[in-house]
Amino acid sequence: MWPGNAWRAALFWVPRGRRAQSALAQLRGILEGELEGICGAGTWKSERVITSRQGPHIRVDGVSGGPGTVIFPGLPLPHLSCCIHLLSFTSGILNFCANNYLGLSSHPEVIQAGLQALEEFGAGLSSVRFICGTQSIHKNLEAKIARFHQREDAILYPSCYDANAGLFEALLTPEDAVLSDELNHASIIDGIRLCKAHKYRYRHLDMADLEAKLQEAQKHRLRLVATDGAFSMDGDIAPLQEICCLASRYGALVFMDECHATGFLGPTGRGTDELLGVMDQVTIINSTLGKALGGASGGYTTGPGPLVSLLRQRARPYLFSNSLPPAVVGCASKALDLLMGSNTIVQSMAAKTQRCDSQQGRLGGGETWFRSKMEAAGFTISGASHPICPVMLGDARLASRMADDMLKRGIFVIGFSYPVVPKGKARIRVQISAVHSEEDIDRCVEAFVEVGRLHGALP
Ligand code: PLP
């Protein structure tokens, strides 16, 4: 006789080693099925290995290249009176898919500032901010970010993903509502999922739909409209004036993610709110240090002082993750100094994105140059007036094969497919940087035309 329920335990008893093995075998089976599914759908994302610094001309493991030149706007040459700096090196792969909008990722002064911070403040803090992870450089950078955006205060996070993950849960309660553009970045969507507020999703850039949702949301305590300033997958810009107008009519706050705008949109690079003249109407901004501002990593929230104070007390990615490494802080701080010290870099990007100067019969900046030539060749390019130029292809396999063939021609671009973009809307996202030359852009267009014909994307 077995005492109590011991017979049951004996029946299901498997030696510990074998039990672990069978669970692992089961897991392997599940994972292999998932991975095969991703391959079968043509949405597999493989990573290419860069063996140089980030920049318009890079070296890529296994792909050969030739000589290249980088132009750093805003850095004076000792023997030239103009404000450009040329650095030649052996490379040849043209990079058209980094968020390095201003070319600051490898800017000599930015690198030097990172080295100096590393030397002076060490490799890292081995701590979160509130324990013993706050140095003078963190406080200085937060003050600088607030000044740059003309806001009351700012708080640093390890990334903008974290800033988005931390904000909504800390700020909104079940009494409140958040109204979010359906094409907002995944990190905004995830951040909103974490909060207990009522959730409304309005159609992309659709102001009538936003208004209907705001009317519905009148019953809640706070209403927060959440939008990307510039949409990263489509290269389009939120109609901020209309959003702010509706927000004021319906007593709502406006939150904006400025990852693809900070540093280069607007006359002095402050972002979409400056571009559209509503700097005083957007309450909260989240943005990244990992794109135009040196490209290392880090994110932040900037806005009202009490909000920033609350986030320091409540935002989980801030409370439970290490503080930013000094070298990263040093790089971002220098990038902001460069932008706040002179408008040369911002203007060089603006020149690249300016509209076609049809009166003089010539093309304007790089983005327009690229768009016009690609559209003339028969491609569909989404968005407008932004250095993000998505080449719309539809099919995920087509996008990935075309990107592979572009690399064979020395152009580094990547196919974007589900879940990064909706199914059936695969694309190759091209990003123009201030440090691309017209020749670089021409080479990219020529390769696209050749590869497009090869794959039947063009007649
Ligand atoms: N928000 C937007 C719109 C983004 O494009 C990204 C990054 O791709 C993020 C947030 C996340 O930024 P980070 O890399 O700093 O986490």
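This passage walks through a predicted model of one protein chain and its ligand, going from the overall fold to single residues.

The chain as a whole comes first. It is built with 17 helices and 16 strands. Of its 459 residues, 51% are buried. Among contacts with a separation of 6 or more, 68% link residues that sit 24 or more positions apart. As for the outside, the chain exposes about 21200 Å², and 55% of that comes from carbon and sulfur atoms.

Next up is a sheet of seven strands. This sheet is open, its pairing is mixed, and its strands follow the order E5-E11-E10-E9-E8-E6-E7. The edges belong to strand E5 (153–157) and strand E7 (198–202); each has a single partner strand, so one side of each has no neighbour in the sheet. On average, and ignoring direction, neighbouring strands here are turned by 20° against each other. It helps to recall that strands of a sheet pair through backbone hydrogen bonds, either parallel or antiparallel. One parallel case is the pairing of strand E6 (residues 177–181) with strand E8 (residues 223–228), which runs over four bridges. Within that pairing, serine 180 has alanine 226 of E8 as its bridge partner.

Helices also pack against this sheet. Helix H11 (residues 305–314) touches E5, E10 and E11, and its direction makes about 25° with that of E5. Helix H5 (residues 136–149) lies across E5, strand E10 (284–288) and strand E11 (299–303), and runs at about 125° to E5.

Strand E10 is also home to serine 287. How buried or exposed is serine 287? Its relative accessibility is 0%, so serine 287 counts as buried, the cut-off being under 20%. A polar atom of its side chain lies 3.2 Å from the backbone oxygen of glutamate 258. Leaving aside residues up to four places away in sequence, serine 287 touches Cys160, Glu258, Cys259, Thr262, Gly299 and Tyr300.

Now for the ligand. It is surrounded by 14 residues, and the closest are Cys160, Asp257, His260, Thr288 and Lys291. Helix H6 (residues 160–171) gives the most to this shell, with three residues. Several polar side chains reach the ligand. Aspartate 257 places a polar side-chain atom 2.6 Å from a ligand nitrogen atom, while threonine 288 has one 2.7 Å from a ligand oxygen atom. For histidine 185, an N or O atom of the side chain is 3.4 Å from a nitrogen atom of the ligand. On its own the ligand has 390 Å² of accessible area, and the protein covers 80% of it.

Another part of the chain centres on strand E16 (residues 426–431). Six of its six residues are buried, so E16 is largely enclosed by the rest of the structure. In a regular strand, side chains alternate between the two faces of the sheet. Here both faces are covered: Ala426, Ile428 and Val430 are buried on one side, and Arg427, Arg429 and Gln431 are buried on the other. Two pairings of E16 can be followed. With strand E13 (residues 388–394), E16 pairs in the antiparallel sense over six bridges, and valine 391 has isoleucine 428 of E16 as its bridge partner. With strand E15 (residues 415–416), the pairing is antiparallel over two bridges, and there phenylalanine 416 is matched with arginine 427 of E16.

Last comes a sheet of three strands. Its order is E1-E4-E14, it is open, and its pairing is mixed. Strand E1 (57–58) and E14 stand at the edges with a single partner strand each, so one side of each lacks a neighbour in the sheet. E1 runs antiparallel to strand E4 (residues 93–95), joined to it by two bridges; histidine 57 has leucine 94 of E4 as its bridge partner.

Phenylalanine 412 sits in strand E14 (residues 411–412). At 8% relative accessibility, phenylalanine 412 counts as buried. Which residues does phenylalanine 412 touch, not counting those up to four places away in sequence? They are Arg48, Ile50, Ile58, Val60, Ile93, Leu94, Asn95, Phe96, Cys97 and Leu407. Phenylalanine 412 and asparagine 95 are 317 residues apart along the chain, yet their C-alpha atoms are separated by 4.8 Å.

Note on methods. Residues numbered from 1 in each chain as written. Predicted model: local features only at pLDDT ≥ 70, side-chain atom pairs only at ≥ 80, totals over all residues. Heavy atoms only, no water. Buried < 20%, exposed > 50% of the residue type's maximum accessible area, 1.4 Å probe, protein only. Contact = heavy atoms within 4.5 Å. Areas by Shrake-Rupley, 256 points an atom, 1.4 Å probe, with all protein chains shown as cover. Pairing = 2+ DSSP bridges. Axes fitted to C-alpha atoms, helices over the stretch in contact; angles between N-to-C directions. Near = heavy atom within 4 Å. Polar contact = N/O pair within 3.5 Å; in protein donor to acceptor, adjacent residues only side chain to side chain.
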